[in-house]
Amino acid sequence: MGRATFLVLATILAAGCVSALTRVEIMLSARDLPDYDICCSSPVLPPDGYAVVYFAPSNLDDYFEEGTTTILSNNNNPNWPEVFSFNVAEGNTTARLRAVLWDSDVDDDDYMGSAEINIADIISAFGHSVTRSLQGAPKGDGKVVVTARVNGTLVHVPVDSGFRHARHLNYKSLNTRT
Ligand SMILES: [Ca+2]
Ligand SMILES: [Ca+2]
């Protein structure tokens, strides 16, 4: 731990620690996506899939857009390389991740369905990996796989109105792409 980090933590701890955060990093895959493209040379083609990732810190409908994956063309089983990182309060059982899948097209993109997953379920799952069927998928079938890396280090931070404001900003700023 660097001196600056230590000083920040020491300051935070001195201010009073009443909550703990667990850092969660997730990656997305999809399995068995149906073909969504029709082209002149072939009757059907696999989709050019990408996912838009949202995060809801509570059971309220206040979603934060975390980011969008790259487009993996012509692939029924994409493994997206992006890592989405955020912090979840210890004991929070209502924070949710929502992944909305699209097939990129020259004209309007095709909606391929979505899945909503409780963060607590991801953390407690074997291998921190869970699979969910896509909901509302026009052509049916298809699954989303969410795999997480969970940092066991807990960072104590004070909970007050200022922190909640900063935390919301933090959810966006912590989003990283690789
Ligand atoms: Ca299409
Ligand atoms: Ca397409």
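**The core, a four-stranded sheet and two unusual loop residues**

The largest nonpolar core holds 30 residues, and those with the most contacts inside it are Ile26, Ala51, Ala99, Leu101 and Val146. Seen by element, two or more residues of this core come from each of strand 1 (19–31), strand 4 (49–56), strand 6 (84–89), strand 7 (96–103), strand 8 (110–118), helix 2 (119–124) and strand 10 (143–157). Strand 7 gives the most, with five residues. This picture, like everything below, comes from a predicted model.

Leu101, one of the residues with the most contacts in the core, shows what such a position looks like up close. Leaving aside residues up to four places away in sequence, Leu101 touches Ala30, Gly49, Ala51, Met112, Gly113, Ser114 and Leu134. Ala51 turns up here again, and Ala51 also belongs to the group with the most contacts inside the core.

Stepping back to the whole chain, there are three helices and 10 strands. Read from the N terminus, the elements follow the order α-β-β-β-β-β-β-β-β-α-β-β-α. Of the 178 residues, 23% count as buried. Contacts reach across the sequence, too: of those between residues at least 6 apart, 62% join residues at least 24 apart.

Some of the strands come together in an open sheet of four, ordered 5-4-7-8 and paired antiparallel. Strand 5 (64–68) and strand 8 sit at the edges, each pairing on one side only. On average, neighbouring strands in this sheet are turned by 20 degrees against each other, direction ignored. As a general point, strands of a sheet pair through backbone hydrogen bonds, either parallel or antiparallel.

Within the sheet, strand 4 is joined to strand 7 by eight bridges, and the two run antiparallel. Two of the pairs can be named: Ala56 has Arg96 of strand 7 as its bridge partner, while Tyr50 is matched with Trp102 of strand 7. Strand 4 is also joined to strand 5, here by four bridges and again antiparallel. On that side, the bridge partner of Val52 is Thr68 in strand 5.

Tyr50 deserves a closer look. This tyrosine is found in strand 4, and it counts as buried because 23 other C-beta atoms lie within 10 Å, where 20 or more are needed. Besides its bridge partner Trp102, Tyr50 touches Thr68, Thr69, Thr70, Ile71 and Ser104, with residues up to four places away in sequence not counted. There is a link to another stretch of the chain as well: the C-alpha atoms of Tyr50 and Trp80 are separated by 7.9 Å, although the two are 30 residues apart along the chain.

Finally, the backbone has a couple of oddities. Most residues other than glycine have a negative phi. His128, not a glycine, has a positive phi of about 50 degrees, and Asp141, likewise not a glycine, has a positive phi of about 60 degrees. Both are loop residues: His128 is placed between helix 2 and strand 9 (129–133), and Asp141 lies between strand 9 and strand 10. His128 counts as partly exposed because it has 17 C-beta neighbours inside 10 Å. Asp141 has 14 other C-beta atoms within 10 Å, so Asp141 is partly exposed as well.

Conventions. Residues are numbered from 1 along each chain as its sequence is written. Chains are lettered from A and ligands numbered from 1 in the order in which they are written. This is a predicted model: local features need pLDDT of at least 70, side-chain atom pairs count only at pLDDT 80 or more; totals for chains, interfaces and linings use all residues. A nonpolar core is a set of buried Ala, Val, Leu, Ile, Met, Phe, Trp, Tyr and Cys residues joined through C-beta atoms within 7 Å. A residue is buried if 20 or more other C-beta atoms lie within 10 Å of its own, exposed if 12 or fewer, and partly exposed in between; C-beta atoms are placed from the backbone. Two residues are in contact if their C-beta atoms, placed from the backbone, lie within 7 Å. Two strands pair if DSSP finds at least two bridges between them. Axes are lines fitted to C-alpha atoms, for helices over the stretch in contact, and angles run from 0 to 180 degrees between N-to-C directions.
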